[in-house]
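User: I'd like to learn how to read pockets and buried residues in a model. Can you walk me through it?

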Amino acid sequence: QVQQNVERLFTRFVEEGKATVRLREPAVDLCLSKANVINLKTFLSAVRLAHQGNDTGVLPLSPLVPAKNSDVEKPKTKMIITSRRDYPLTKSFPFSLEHLQTSYCKLARIDTRVLCLKKLRKLDLSHNHIKQLPATLGDLVCLQELDLHDNHLEAFSGALCSSGLQKSLQFLDLSQNQIQALPIEFCQLRGLVQLRLDDNALLRLPCRIGQLSRLRFLSAARNKLPFLPSDFRKLSLENLDLFGNPFEQPNPLVPNIQLKIPLTLLECAARATVNHRIPYGGHLLPSHLCKDLEVAKTCRCGSACLSSFIQITVTMNLHHVAHTVVLVDNMGGTEAPILCYFCSLDCYSQFLDRHLQSN
């Protein structure tokens with residue numbers, strides 16, 4: 001279908017026998033090359049007339065001659081660019097691309113032309129100078145692999161975590177950046193299988209990291225992690241690397257007590273909402289309360305607590321969550337401190353009794 005379906009004609013190199021017809025639906029580029037100049041101009045004139053709705057009987061079309069297989073170029077699905085001088089400045093990227101790599105190109109931002117490549121499955125932007133990711137990156141709903149290692153990123157936005165990447169993204173490499181924390185929404189990327197966070201400045205991992213049920217490979221070496229979130233226990237990994245983090249020495253006998261007795265009405269209501277799985281949302285509660293409920297802590301007894309709790313760190317052998325563990329330190333250890341919460345003095349006392357008896 002040509003009528004009212006031509007987005008644009010690119011005719012800059014028509015004298016060389018080259019032209020491109022960009023269609024609206026389907027969103028493809030028809031690239032013509034090695035054409036007879038006169039025949040090409042006639043064809044483009046016919047396309048313009050057909051687009052305007054002219055009668056096919058008056059179109060200046062010549063009899064079709066089947067093209068040779070050697071003259072037909074297949075849609076380009078892969079493009080690898082590894083230097084600044086090879087980066088296309090005046091030429092658009094083929095809409096058929098499924099794999100694009102633009103590394104070592106000194107890019108300060110993601111090219112808006114890349115964000116139009118709706119068929120992309122793998123995007124490699126490693127070894128550049130990118131500081132920020134546009135929210136429209138989440139419109140690449142087929143994207144399965146995203147490599148951003150060795151850039152200047154300081155954050156990974158919550159908007160991206162709430163986008164179409166939730167279902168599609170399986171591989172994410174954010175290593176060698178300057179990220180200190182990941183947003184609460186990060187754990188909505190539940191399709192993730194492999195996550196690399198090495199060589200950043202991470203002070204903590206997402207508190208709901210256990211929601212990444214498909215995650216099998218996690219690497220967060222050489223960061224600034226003092227401990228792991230309590231939700232870390234829910235992971236089921238094949239390979240885990242946490243080498244080079246300044247983990248604190250756990251001490252269950254020195255608790256961080258945030259208990260408020262008696263409990264506030266807000267705390268009681270929040271605990272009841274989470275414990276009884278009462279539905280809530282922005283149509284019922286202010287957004288800040290919804291966020292608080294989403295990150296509610298879980299006591300060892302299974303009950304929820306919001307802002308009134310006792311917090312300690314305990315030792316966890318990482319083999320409980322991963323088949324293969326890279327040593328945590330140079331001493332051959334595979335243990336790390338993990339946060340532990342208690343909703344009441346009773347729960348903490350019971351834990352303390354068991355802990356002292358076992359030691």
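Analyst: Sure. Keep in mind that this is a predicted model. Let's start with a pocket: the second largest one has a volume of about 1100 Å³.

User: Which residues lie nearest the centre of the second largest pocket?

Analyst: Those are Cys-207, Arg-208, Asp-231, Val-295 and Ala-296, out of a lining of 41 residues. As for elements, α4 (265-275), α5 (287-294), β13 (297-298) and β17 (335-342) each give two or more residues to that lining.

User: How many residues of the lining are nonpolar, polar and charged?

Analyst: For the second largest pocket, the split is 21 nonpolar, eight polar and 12 charged.

User: And which domains does the lining draw at least three residues from?

Analyst: Domain 2 (78-224) and domain 3 (256-318 + 336-358) each supply at least three.

User: Now a single residue. Is Asp-198 buried or exposed?

Analyst: The idea is to compare the relative accessible area with a cut-off: buried means under 20%. Asp-198 comes out at 3%, so it is buried. You'll find Asp-198 in the loop between β9 (194-196) and β10 (217-219).

User: What does the side chain of Asp-198 make polar contacts with?

Analyst: One partner is the side chain of Arg-196, at 3.0 Å. Another is the side chain of Ser-219, at 2.4 Å.

User: Which residues does Asp-198 touch, leaving out those up to four places away in sequence?

Analyst: Asp-198 touches Ser-175 and Gln-176, plus Ser-219, Ala-220, Ala-221, Arg-222 and Asn-223.

Note on methods
Residues are numbered from 1 along each chain as its sequence is written. This is a predicted model: local features need pLDDT of at least 70, side-chain atom pairs count only at pLDDT 80 or more; totals for chains, interfaces and linings use all residues. Side-chain values use heavy atoms; hydrogens and water are left out. Helices (H or I, at least four residues) and strands (E, at least two) are DSSP runs, numbered from the N terminus. Buried means under 20% relative accessible area, exposed over 50%, partly exposed in between (1.4 Å probe, protein chains only). A polar contact is a pair of N or O atoms within 3.5 Å; within protein, one must be able to donate a hydrogen and the other to accept it, and residues adjacent in sequence count only if both atoms are side-chain atoms. Contact means heavy atoms within 4.5 Å. On a 1 Å grid over the protein atoms alone, a cavity is a set of points where a 1.4 Å probe fits but cannot get out, and a pocket is an open set with protein on both sides within 12 Å along at least five of seven lines; lining residues have an atom within 4 Å of a point. Grid points are joined across faces, edges and corners, and a volume is the space filled by probe spheres set on the points. Ala, Val, Leu, Ile, Met, Phe, Trp, Tyr, Cys and Pro count as nonpolar, Asp, Glu, Lys and Arg as charged, and the others, Gly among them, as polar. Domain bounds come from an automatic or database domain assignment.
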